[in-house]
Amino acid sequence: MVIIGITGGVGAGKSQILSYIESHYNCRIIRADEAAHMLQEPGQSCYERLVELLGREVLNGDGTIDKKKMAAIIFSDKAILIKVNQIIHPGVKTYIREQIAFEQERGEVDYFFIEAALLIEERYDEIVDELWYVHADVEVRSRRLRESRSYSDRKIADIMKEQLGEAQFREKCQVVITNNGDLEETYSQINKVMGETK
């Protein structure tokens, strides 16, 4: 089983690429964002520590964490945001390691993909066999974010400023997939790389 990490800046089209891979290859895909949300549910590994940190007022009536209340707390206090990340990021990494071990034992998939914006920062190179960088030009990414998420130019600029730059992605990743809008061209790149990935 080949373990592949997929990363790239916001608006690069990682989800689109993963949808194609999911429907054309025998693989398991974990999206770090989805794993993080799941681990915040009652009974999951991050839940109790988050409630202890943020206080019970962050809970809904059914005991689940109210995402809007949580966001309001962490974005008004950088120190709390750091503490939340120190709970969630290691939790997600542990969960992913467990799922890799599970799939290796099961022996039914050829590829295991992990998608996350922070693969490089969170040292996923220690887990994966190779890192893929999904590249799209800044203008293309900005247009996608305006159209799909109605983000303002200011918000887009702020998000991009917080992410790694082009040179850092290219330095750390073994494979670059260019995704500027011609999907057939993008899929052709994926097929070529997958043909080389044994």
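Select the charged side chains of this predicted model. The protein chain carries 26 positive and 34 negative charges, and the mean positions of the two sets are 4 Å apart.

Next, display the whole chain. Its C-alpha atoms fill a box of roughly 50 × 45 × 30 Å, taken along the principal axes. The radius of gyration of the protein chain is 18 Å, which agrees with the value near 16 Å that a compact globule of 198 residues would have. Now show the surface: the accessible area comes to about 10900 Å², and carbon and sulfur atoms account for 48% of it. Of the 198 residues, 47% are buried.

Switch to a cartoon view. The protein chain contains nine helices and five strands. Traced from the N terminus on, the elements run β-α-β-α-α-α-α-β-β-α-α-α-β-α. Contacts also link distant parts of the sequence: among those between residues at least 6 apart, 71% join residues at least 24 apart.

The interior is the next stop. Select Ile65, Val84, Val92, Ile96 and Ile114, which have the most contacts inside the largest nonpolar core, a group of 38 residues. To see where this core comes from, colour helix 2 (32-39), helix 3 (47-54), helix 4 (67-76), helix 5 (78-106), strand 3 (111-115) and strand 4 (130-135); each of them supplies at least two of its residues. Which element gives the largest share of this core? Helix 5 does, with nine residues.

Remain in this core and centre the view on isoleucine 114. Leaving out residues up to four places away in sequence, isoleucine 114 touches Ile3, Ile4, Gly5, Ile6, Ile30, Ile96, Ile100, Leu119, Tyr124, Ile127 and Val128. Then select Ala12, Ile29, Trp132 and Val175, which are among the 20 residues of a second, separate core.

Finish at lysine 69, which lies in helix 4. Is lysine 69 exposed, partly exposed or buried? Its relative accessibility is 38%, so lysine 69 counts as partly exposed, since that class lies between the limits of 20% and 50%. Add Glu57, Val58 and Leu59 to the selection: lysine 69 is in contact with these residues when its neighbours within four places in sequence are left aside. Lastly, draw a distance from the C-alpha atom of lysine 69 to that of proline 90; the two residues are 21 apart along the chain, and the separation is 22 Å.

Notes: Residues are numbered from 1 along each chain as its sequence is written. This is a predicted model: local features need pLDDT of at least 70, side-chain atom pairs count only at pLDDT 80 or more; totals for chains, interfaces and linings use all residues. Side-chain values use heavy atoms; hydrogens and water are left out. A nonpolar core is a set of buried Ala, Val, Leu, Ile, Met, Phe, Trp, Tyr and Cys residues joined through side-chain atoms within 4.5 Å. Buried means under 20% relative accessible area, exposed over 50%, partly exposed in between (1.4 Å probe, protein chains only). Helices (H or I, at least four residues) and strands (E, at least two) are DSSP runs, numbered from the N terminus. Contact means heavy atoms within 4.5 Å. The radius of gyration is taken over C-alpha atoms; the globule rule is 2.2 Å times the number of residues to the power 0.38. Accessible areas come from the Shrake-Rupley method with a 1.4 Å probe; for residues, only the protein chains shown count as cover. Lys and Arg count as positive and Asp and Glu as negative; His and the chain ends are not counted. The place of a charge is taken as NZ of Lys, CZ of Arg, CG of Asp or CD of Glu.
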